[in-house]
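These entries record what I looked up in one model, starting with charged pairs and moving on to the nonpolar interior.

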Amino acid sequence: MALQESGEMYLETIYVLSLENNAVRGIDIGEHMGFSKPSVSRALGLLRDEGLVKKDDAGFIRLTEAGEIIAKRIYERHTVLSTLFMNLGVDEKTATEDACRIEHYISETTFDAIKAHMKQYGKDA
């Protein structure tokens, strides 16, 4: 089953939060994303059913190996696209908002070409 944009956003959020603090809770995810506890619980249940997240014995949310692969891919897209847009002169707020929307839809071919272009011209993300 193809993961929808909202699922990718949850995975990316869990990944980013886990970089800051190894103990990620549902409430942390909700606060970061601006969603209610019931919405977060439902989304986490769906992601758990897909084998992308799990709760450890202490009740903290963890990405599975499959979930981490997707989260890292989305996060890389976000950071590379944000950097590209800021290098083009777009302000940081707009660049990150636009990157957040585009990161879910850009093809691998186009994204790889952007990364290669940025590397070639010394604008690595």
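Entry 1, E68 and its partner. The model is a predicted one. I looked up the exposure of E68 and found 32% relative accessibility, so E68 counts as partly exposed. I then searched for its salt-bridge partner and found K72, with the closest N and O atoms 3.1 Å apart. K72 has 40% relative accessibility and therefore also counts as partly exposed, since the class runs from 20% to 50%. I noted that the two residues are 4 apart in helix 4, which means that about one helical turn separates them.

Entry 2, R73 and its partners. I next asked which residue of helix 6 pairs with R73 of helix 4. The answer is E108, whose side chain meets that of R73 in a salt bridge at 3.8 Å, N to O. Helix 6 covers residues 108-120, so this pair ties together parts that are 35 residues apart in sequence. E108, at 39% relative accessibility, counts as partly exposed, and R73, at 31%, falls in that class too.

I also found E8 in a salt bridge with R73, the closest N and O atoms being 3.3 Å apart. Because E8 belongs to helix 1 and R73 to helix 4, this pair ties together parts that are 65 residues apart in sequence. Is E8 buried or exposed? At 8% relative accessibility E8 counts as buried, because the cut-off is under 20%. Tracing shared partners, I obtained one network that joins E8, R73, R77 and E108. My search of the whole structure returned 9 salt bridges.

Entry 3, the nonpolar cores. I listed the largest nonpolar core and obtained 20 residues, of which L11, I29 and V53 touch the most other members. At least two residues of this core come from each of helix 1 (5-20), helix 2 (26-33), helix 3 (37-49), strand 2 (61-63) and helix 4 (65-87). Helix 1 gives the most, with 6 residues. Leaving out residues up to four places away in sequence, I found that L11 touches L3, L47, L52, V53, L63, G67, I70 and A71. Apart from this core I located another, of 10 residues, among them L81, L84, A95 and M118.

Entry 4, helix 2. Which residues of helix 2 are buried? I found D28, I29, G30 and M33. The buried residues of helix 2 pack against helix 1, helix 3 and strand 2. After helix 2 comes G34, for which I noted a positive phi, near 80 degrees.

Definitions and conventions: Residues numbered from 1 in each chain as written. Predicted model: local features only at pLDDT ≥ 70, side-chain atom pairs only at ≥ 80, totals over all residues. Heavy atoms only, no water. Core = buried A, V, L, I, M, F, W, Y, C linked by side-chain atoms within 4.5 Å. Buried < 20%, exposed > 50% of the residue type's maximum accessible area, 1.4 Å probe, protein only. Contact = heavy atoms within 4.5 Å. Salt bridge = Lys/Arg side-chain N within 4 Å of Asp/Glu carboxyl O.
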